[in-house]
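The following paragraphs lead the reader through one structure, beginning with its sheet and moving on to its interior and its loops. Please keep the sequence and the three-dimensional view at hand while reading.

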Amino acid sequence: MERRKFFALGLAGIAGSSLVSRIATAAQGVLNTKLAGSIYYTKENPGRWSAKVAGHAPVVEVKGGVVQVTTPHEMKGYEHYIVKHTIFDKQMNILGETMFDPATAKAPISKYEIKDYKGAAYALSMCNKHDCWVTEFTV
Ligand SMILES: [Fe+2]
């Protein structure tokens, strides 16, 4: 093989693998970083809280522009409770936030009417003992 062709094929291979890598990274979403499982937790990266996924990863339902976020977690007064829910757009602008009063809240469920946004979004749920959990969803 000519030296010039060999060199060109090598560059094409490098460019191709870089493109494949970038596409794969984009498909994994913005939550799949080194911080997942250490600073924040997701169903896919629960880190030290792997036994806590079912009660902490926020469950999101979207119907007709209304987003409902539920954390299937107990509200046991100030001892163990969900502090708040926050939802963000893909630019990390806050679309809505709900604080829960552990003295009165029976269940950590919040609703948000989203009128002017379409696309990827993120629901955050904060437990007073088991940190911050995030679920990606689409509006
Ligand atoms: Fe908890």
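The model shown here is predicted. A suitable place to begin is an open sheet of 4 strands, arranged in the order β4-β3-β6-β7 with antiparallel pairing. At its edges lie β4, covering residues 94–99, and β7, covering residues 131–138; each of these pairs on one side only. On average, neighbouring strands of this sheet are turned by 15 degrees against each other, if direction is ignored. In general, the strands of a sheet pair through backbone hydrogen bonds, in either a parallel or an antiparallel manner.

One pairing within the sheet merits a closer look. Strand β6, which spans residues 120–127, is joined to β7 by 8 bridges, and the two run antiparallel. Within this part of the model, alanine 120 stands opposite threonine 138 of β7.

From the sheet, attention may pass to the interior. The largest nonpolar core comprises 11 residues: Tyr41, Ala57, Val67, Val69, Ile87, Tyr112, Ala121, Tyr122, Ala123, Trp133 and Val134. At least two residues of this core come from each of β2 (66–70), β6 and β7. The greatest contribution is that of β6, which gives 3 residues. Apart from this core lies another, of 5 residues, among them Tyr81, Ile82, Phe100 and Met126.

Valine 67, a member of the largest core, illustrates the contacts found there. Leaving aside residues up to four places away in sequence, valine 67 touches Val60, Val62, Ile87, Lys111, Tyr112, Ile114 and Val139. Of these partners, Ile87 and Tyr112 also belong to the largest core.

Two residues call for attention on account of their backbone. Methionine 92 has a phi near 70 degrees, a positive value in a residue other than glycine. Methionine 92 is found in the loop between β3, which covers residues 82–89, and β4. Is this residue buried or exposed? Methionine 92 counts as exposed because it has 8 C-beta neighbours inside 10 Å, and the limit for an exposed residue is 12 or fewer.

The second case is aspartate 131, which is not a glycine either and has a positive phi of about 70 degrees. Aspartate 131 has its place in strand β7, one of the edge strands of the sheet described above. With 17 other C-beta atoms within 10 Å, aspartate 131 is partly exposed, since a buried residue would need 20 or more and an exposed one 12 or fewer.

How values were computed. Residues are numbered from 1 along each chain as its sequence is written. This is a predicted model: local features need pLDDT of at least 70, side-chain atom pairs count only at pLDDT 80 or more; totals for chains, interfaces and linings use all residues. Two strands pair if DSSP finds at least two bridges between them. Axes are lines fitted to C-alpha atoms, for helices over the stretch in contact, and angles run from 0 to 180 degrees between N-to-C directions. A nonpolar core is a set of buried Ala, Val, Leu, Ile, Met, Phe, Trp, Tyr and Cys residues joined through C-beta atoms within 7 Å. Two residues are in contact if their C-beta atoms, placed from the backbone, lie within 7 Å.
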